[in-house]
Amino acid sequence: MSRQKQSIQQIGALFLLIVAAVLLSIGEGSSTGSTGNSTELVLFYGIIPVLVASVLSGLASALCQWASQVKKHTSYLMTIEMSVFGSLVLLFSTYKSPDGKAIRQHGFFYGWTLLTWIPVIANAMGGILVGLVTSYAGGVRKGFVIVSALLVTALLQFIFDGKPPSLYCLVALPLVISSISIHQKYPYHIKKKEA
C-alpha cells in the first residue's frame, strides 16, 4: 500500500511481534482477577479480540501512512478527518444509549468542568501525535513502539507498585527484543535482474 516492501525475515519478525502482543494481552487479562480462567474465555475475550484489533490497527496504520506519504495528506488533516468520522459514529451510537438520553435531556456539556477538558485535549493531542508518528516513522515502527511501551509499563508497575510482571510478560520480552533485532538486521533488498 505504501510501497515499502518487507523481507521474509521482517515478516517473521512482525509475526513474533503479534505473538508478543497477544501474550501481553492475555497476561494483562489474567492478572486483573477475572473469574473462570477457562480456555474459551481466554480465546474469545483475549486472543481473538487482540488479533482483530491488531489487524484493524495495522490496516489503519497502512491507510494513514499511504495517505500521508503517497497522497501527501498532512497528519493534521487526517486527524481532523478521523475525528469527524469518529464523532459521527459516536453520535449515531448514542441515539439509543442511556448517555444519548441524558444528552438530549440536559445538553452535551452538562456536568462538565474545567477538569473535564484535560482528557479531551490530551486525546486530541495524542491523535495528532499518532498521526505524526505514522506519517514520519511508518505503521510498522509504530507497532514496535506500542508493544515496547506495554513492556515498559510492566517494568514501571514493578518499580513503582511492586507488582511483578506476569509470566506472559516475561515470555513476551525476548520475543519483542528478537523481533526488533530481526526487523532491523534483515531489511528488504531489491533483487537485481540477471541478464
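**Exercise 1.** Which residues does serine 179 touch, not counting residues up to four places away in sequence?

*Solution.* The model examined here is predicted.

Step 1. Locate the residue: serine 179 belongs to helix H7, which covers residues 167-185.

Step 2. List its partners beyond four places in sequence: these are Ala13, Leu16, Leu17 and Phe144.

Step 3. Place these partners where possible: helix H1 covers residues 8-30 and helix H6 covers 139-161.

**Exercise 2.** Determine whether serine 179 is buried or exposed, and find the polar partner of its side chain.

*Solution.*

Step 1. The relative accessible area of serine 179 is 0%.

Step 2. Buried means under 20% relative accessible area; serine 179 is therefore buried.

Step 3. The side chain of serine 179 reaches the backbone oxygen of valine 176, at 2.9 Å.

**Exercise 3.** Describe the length of H7 and name its buried residues.

*Solution.*

Step 1. H7 has 19 residues, and from its first C-alpha to its last it reaches 28 Å.

Step 2. At 1.5 Å a residue, 27 Å is expected, and the span of H7 is close to that value.

Step 3. The buried residues of H7 are Cys169, Ala172, Leu175, Val176, Ser179 and His183.

Step 4. Consider the spacing of such positions: an α-helix has 3.6 residues a turn, so residues three or four places apart point the same way.

**Exercise 4.** Identify the elements that give two or more residues to the largest nonpolar core, and the core residues that touch the most other members.

*Solution.*

Step 1. The core has 13 residues, of which Ala20, Leu24, Val147 and Val176 touch the most other members.

Step 2. Two or more residues come from each of H1, H6 and H7.

Step 3. H1 supplies the largest share of this core, with 5 residues.

Step 4. Take leucine 24 as an example: leaving aside neighbours within four places in sequence, leucine 24 is in contact with Val147, Leu150, Leu151, Cys169 and Ala172.

**Exercise 5.** State where glutamine 10 lies, whether it is buried or exposed, and what it touches.

*Solution.*

Step 1. Glutamine 10 lies in helix H1.

Step 2. Its relative accessible area is 6%, so glutamine 10 is buried.

Step 3. Beyond four places in sequence, glutamine 10 touches Lys5, His183, Tyr186, Pro187 and Tyr188; of these, His183 is one of the buried residues of H7.

**Exercise 6.** Summarise the chain as a whole.

*Solution.*

Step 1. The secondary structure comprises 7 helices and 0 strands.

Step 2. Of the 195 residues in the chain, 20% are buried.

Step 3. Among contacts with a separation of 6 or more, 76% join residues 24 or more positions apart.

Step 4. The chain exposes about 14300 Å², of which carbon and sulfur atoms supply 71%.

Conventions: Residues numbered from 1 in each chain as written. Predicted model: local features only at pLDDT ≥ 70, side-chain atom pairs only at ≥ 80, totals over all residues. Heavy atoms only, no water. Helix = DSSP H or I, 4+ residues; strand = E, 2+ residues; numbered from the N terminus. Buried < 20%, exposed > 50% of the residue type's maximum accessible area, 1.4 Å probe, protein only. Polar contact = N/O pair within 3.5 Å; in protein donor to acceptor, adjacent residues only side chain to side chain. Contact = heavy atoms within 4.5 Å. Core = buried A, V, L, I, M, F, W, Y, C linked by side-chain atoms within 4.5 Å. Expected span 1.5 Å × (residues − 1). Areas by Shrake-Rupley, 256 points an atom, 1.4 Å probe, with all protein chains shown as cover.
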